[in-house]
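Subject: Handing over the structure

Hello,

As promised, here is the structure for you to look through. Please open it first, and then read on for my notes on what I found.

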Amino acid sequence: MKAIEKTVGPKSNHAPADWESIDWELVQRNVTDMQNRIAKAAQEGRWRKMKSLQRSLMRSFSAKALAVKLVTEEQCGQSAGPDGVVWNTPEKKFAAIATLANWREA
């Protein structure tokens, strides 16, 4: 019997290898599209669908990458957070994406 390798989450053939290779237009489009789908589900009163889409957005690479980008590119983005860590290099920013977790999972 062959061992089955368990993976966490879907694997993408287009996953960026580092901070510089992230397609920011695609990331922004992904986040905007998901936000629009959430708004549409809310307008239609489809609360379970809305909650499911919200969960998907919070766990998505695009949302996490955009959050890191927005926080680090703010005027005060060079300030340390409550944990004392500063994401001031592309390597640290890319690593930070992986460290972001849903607050209920933390």
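Of the 106 residues in this chain, 21% count as buried. Please keep in mind that this is a predicted model.

**The overall picture**

The secondary structure amounts to four helices and zero strands, so that, by the DSSP runs used here, the elements read α-α-α-α from the N terminus on. Among contacts with a separation of 6 or more, 56% join residues that are 24 or more positions apart.

**How confident is the model?**

The average pLDDT of the chain is 83, and 79% of the residues score at least 70. Which helix has the highest confidence, and which the lowest? Helix α1 (residues 24-43) is highest at 97, while helix α4 (residues 90-99) is lowest, at a mean of 90. Please treat the start of the chain separately: over residues 1-11 the pLDDT stays under 50, and the model has zero contacts beyond four places in sequence for them.

**The core**

The largest nonpolar core is made of 16 residues, and Ile-38, Leu-57 and Ile-97 have the most contacts inside it. Helices α1, α2, α3 (61-72) and α4 are the elements that give two or more residues to this core. The biggest share comes from α1, with five residues.

Leu-57 is a good place to start looking. Setting aside neighbours within four places in sequence, Leu-57 is in contact with Val-31, Met-34, Gln-35, Ile-38 and Ala-63.

Ile-97 belongs to helix α4. Is Ile-97 buried or exposed? Its relative accessibility is 5%, so Ile-97 counts as buried, the cut-off being under 20%. Beyond four places in sequence, the contacts of Ile-97 are Trp-19, Ile-22, Phe-61, Lys-64, Ala-65 and Val-68. Ile-97 and Lys-69 are 28 residues apart in sequence, with their C-alpha atoms 9.5 Å apart in space.

**Two residues of helix α2**

Leu-53 and Met-50 make a nice pair to view together. Leu-53 is found in helix α2 (residues 47-59), and Met-50 has its place in helix α2 too. Leu-53 is buried, with a relative accessible area of 6%; Met-50 has a relative accessibility of 17% and therefore also counts as buried, as that value is under 20%.

Which residues do they touch, neighbours within four places in sequence aside? For Leu-53 the contacts are Met-34, Arg-37, Ile-38 and Ala-41. For Met-50 they are Ile-38, Ala-41 and Ala-42.

Arg-37 is a useful reference point for both. From C-alpha to C-alpha, Leu-53 and Arg-37 are 7.5 Å apart, with their positions 16 residues apart in sequence. Met-50 and Arg-37 are 13 residues apart in sequence and 7.9 Å apart in space, again C-alpha to C-alpha.

**Helices α3 and α4**

Ser-62 has its place in helix α3. With a relative accessible area of 10%, Ser-62 is buried. Not counting neighbours within four places in sequence, Ser-62 is in contact with Val-27, Asn-30 and Val-31.

Glu-91 sits in helix α4. At 56% relative accessibility, Glu-91 counts as exposed, because the cut-off for exposed is over 50%. Glu-91 and Trp-19 are 72 residues apart in sequence, yet 6.8 Å apart in space, C-alpha to C-alpha.

**Charges and rings**

How many salt bridges are there? The count comes to one salt bridge. It is formed by the side chains of Arg-46 and Glu-44, at 3.7 Å from N to O. Side chains of opposite charge can pair when their charged atoms come close. Both partners are partly exposed: Arg-46 has a relative accessible area of 45%, and Glu-44 has a relative accessibility of 44%.

For the rings, the structure holds one aromatic pair. There is also a charge over a ring: the charged end of Lys-69 sits over the ring of Trp-24, 4.8 Å from the ring's centre.

If you would like a short tour, try Leu-57 with its contacts, including Ile-38, then Ile-97 in helix α4, and finish with Lys-69 over the ring of Trp-24.

Enjoy looking around, and warm regards

How values were computed: Residues are numbered from 1 along each chain as its sequence is written. This is a predicted model: local features need pLDDT of at least 70, side-chain atom pairs count only at pLDDT 80 or more; totals for chains, interfaces and linings use all residues. Side-chain values use heavy atoms; hydrogens and water are left out. Buried means under 20% relative accessible area, exposed over 50%, partly exposed in between (1.4 Å probe, protein chains only). Contact means heavy atoms within 4.5 Å. pLDDT is the predictor's confidence in each residue, from 0 to 100. A nonpolar core is a set of buried Ala, Val, Leu, Ile, Met, Phe, Trp, Tyr and Cys residues joined through side-chain atoms within 4.5 Å. Rings of Phe, Tyr and Trp (its six-membered ring) pair if their centres lie within 6.5 Å; planes under 30 degrees apart count as stacked, over 60 as edge-to-face and the rest as tilted. A charge sits over a ring if NZ of Lys or CZ of Arg is within 6 Å of the ring centre and within 35 degrees of the ring normal. A salt bridge is a side-chain nitrogen of Lys or Arg within 4 Å of a carboxyl oxygen of Asp or Glu.
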